[in-house]
Amino acid sequence: MKENIQVYGLGFLLIIGGFLLANQFVKPSPPRTITIATGSQSGAYYAYAQDYKKRLAAKGVELNIISTSGSIDNIQRLKKQEVDLAFVQSGTGQFDYAEDKEDSPLVSLASLYYEPLWLFMPTSKAVFKTTDLKGKRVSIGTEGSGTRALVKVLLENNGINSSNTELFEVDGDEGAKRLIEGELDYAFVVASMNAPLIQSLLTNNDIAPFDFERAKAYTRRYRFLSSVELPRGVIDFSRDIPQKDINLLSAAATLVANKDIHPALVALLMQILDDAHSEGGVLEEPGQFPSEHFVDFPLDSSAQRYFDYGPPLLQRYLPFWVAVLVDQLKVFLIPLLALMIPLMKILPPIYRWRVRSRIYRWYRDLRGIESRVSDNTDRDSLVKLLAQLVDLQEEVTMQPAPLSYTEELYQLRSHIALVSEKLYAQMQEQLEEGLPEAN
């Protein structure tokens, strides 16, 4: 039993050491709570975040939602690591005052859907060229928003700036309100067509969307933009809204993260994005999004693998947290296999050697006693040898041994008995020699 503990205990310690070494290469488990920066609570970003929250909760991950002023603000929050994820309007990361994308600590996960640039105007003040906005009252979005960043660039390309036009930095809701009340002439908004604000403006008979007839020209200048078409009647067939095909200039909504985001979490998020956006919409074809295109920051490597090969094998068939656990445990198979296979071959011989070495030692002691029995005729010496032999016999008798070695122990005990007989015979002979002869 003692040999079992010593030999196999050593093997166990070696395996534990291998596990500890392998543990240095195991990524920690993904967090169970993450935070996302959206935009205003009336926007599509916030609505989609609520949808993600429900989907992630079903997978055991909690999503905290923070409402912000927009894409520029979101980038800064990501940079400060105040949030883990953020919606960012495509192109925002390319503006001079945003984080340089080559040195950025941020990565893109995917683009999600088209996010058109809308220019709304009263039907009584309809214009057909962007340059006609010069000298008018125009809302361009708030400081820190993607709308303001994009609109300022496009207006400057048309010779429009704050020196020749009244530019109001207000959000979409406030801009729409002032437009309807006549306090503004025109209002820019970047938002999904599904946003409640956009739907309300498109169905307002007194408000009309601007037709960007030069949309394709802008896409040649700014590759992060796309030209999309809003078909006639698609909003309301009975009222024929819109009453003609409308050309729209569109950015894309993208999901951005810190570059140290956990790979398993990225794989889960990609599945959530796929479920939420793959069906498409009025402006998007089914399967067009989520996409690896239209992103400003380098695509995360785990996201790229998802686009190339789909979900990780384990996450296809196992619940998320079970898949994470199995993925971590597979790293331990390396030391387990590397140590268990040779140990299975080495430990049994070592154990046999340990048991037999003890038996051989007893035989050595027994042989030493036997040799001294023949060499000693002194009665006191024989008594001492007898005491040694009794001690040896007790030690052998008390020693537990596996069944496979029982035969060898019984042979040893029989040999001890032979030496005992020889010793007793020697003592008897000496005893008889010491008696007086009979008369």
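What span should the 15 residues of α8 have at 1.5 Å a residue? The expected value is 21 Å, and the end C-alpha atoms of α8 are 21 Å apart, which agrees. Here the expected span of a helix is 1.5 Å times one less than its number of residues.

Good morning, colleagues. Let me state the basis first. The structure is a predicted model, in which local features need pLDDT of at least 70 and side-chain atom pairs count only at pLDDT 80 or more, while totals for chains, interfaces and linings use all residues. Residues are numbered from 1 along each chain as its sequence is written, and side-chain values use heavy atoms, with hydrogens and water left out.

I begin with the overall picture. The protein contains 13 helices and 10 strands; these are DSSP runs, numbered from the N terminus, with helices being H or I of at least four residues and strands being E of at least two. Of its 439 residues, 44% count as buried. By buried I mean under 20% relative accessible area, by exposed over 50%, and by partly exposed anything in between, with a 1.4 Å probe and protein chains only. As for contacts (heavy atoms within 4.5 Å), 79% of those between residues at least 6 apart in sequence join residues at least 24 apart.

I return now to the helices. How many of the 15 residues of α8 are buried? The count is 11, so α8 is largely enclosed by the rest of the structure. The buried residues are A264, L265, V266, A267, L268, L269, M270, Q271, I272, L273 and H277.

Helix α2 covers residues 44–57, which is 14 residues. From first C-alpha to last, α2 reaches 20 Å, close to the 20 Å expected at 1.5 Å a residue. Its buried residues are A44, Y45, Y46, Y48, A49, Y52 and L56. As a general point, an α-helix has 3.6 residues a turn, so residues three or four places apart point the same way.

In helix α13, residues 406–433, I would single out L418. L418 counts as exposed, because its relative accessibility is 52%. The C-alpha atoms of L418 and E370 are separated by 9.6 Å, with their positions 48 residues apart along the chain.

Next, the loops. S192 sits between β7 (186–190) and α6 (196–202). Is S192 buried or exposed? S192 is buried, since its relative accessible area is 4%. Its side chain reaches the backbone nitrogen of N194 at 3.1 Å. That is a polar contact, a pair of N or O atoms within 3.5 Å; within protein, one must be able to donate a hydrogen and the other to accept it, and residues adjacent in sequence count only if both atoms are side-chain atoms. Leaving aside residues up to four places away in sequence, S192 touches A44, Y113, Y114, E115, P116 and I198. A44 in that list is also one of the buried residues of α2.

T142 occupies the loop between β5 (137–139) and α4 (146–157). Its relative accessibility is 19%, so T142 counts as buried. With residues up to four places away in sequence again left out, T142 touches S69, R148, E169, V170 and D171.

Two further loops deserve attention for their backbone geometry. In the loop between β9 (226–230) and β10 (246–258) we find P242, and the peptide bond from I241 to P242 is cis, with omega near -5°. D240 lies in the loop between β9 and β10 as well. Phi of D240 is near 55°, a positive value in a residue other than glycine. D240 counts as partly exposed, because its relative accessibility is 23%.

The loop between α8 (263–277) and α9 (301–309) holds P290. A cis peptide bond joins F289 and P290, with omega about 0°. F294 is found in the loop between α8 and α9 too, and its phi is near 65°, a positive value in a residue other than glycine. At 23% relative accessibility, F294 counts as partly exposed.

Finally, the cavities. How many cavities of 30 Å³ or more does a search of the whole structure find? The search finds two. On a 1 Å grid over the protein atoms alone, a cavity is a set of points where a 1.4 Å probe fits but cannot get out, and lining residues have an atom within 4 Å of a point. Grid points are joined across faces, edges and corners, and a volume is the space filled by probe spheres set on the points. The second largest cavity has a volume of about 40 Å³. Its lining consists of L117, T130, L154, L155, N158, F188, F212 and Y218. These divide into six nonpolar, two polar and no charged; Ala, Val, Leu, Ile, Met, Phe, Trp, Tyr, Cys and Pro count as nonpolar, Asp, Glu, Lys and Arg as charged, and the others, Gly among them, as polar.

Thank you for your attention.

Terms used:
1 Å grid on protein atoms, 1.4 Å probe; cavity = no way out; pocket = protein on both sides within 12 Å on 5 of 7 lines; lining within 4 Å.
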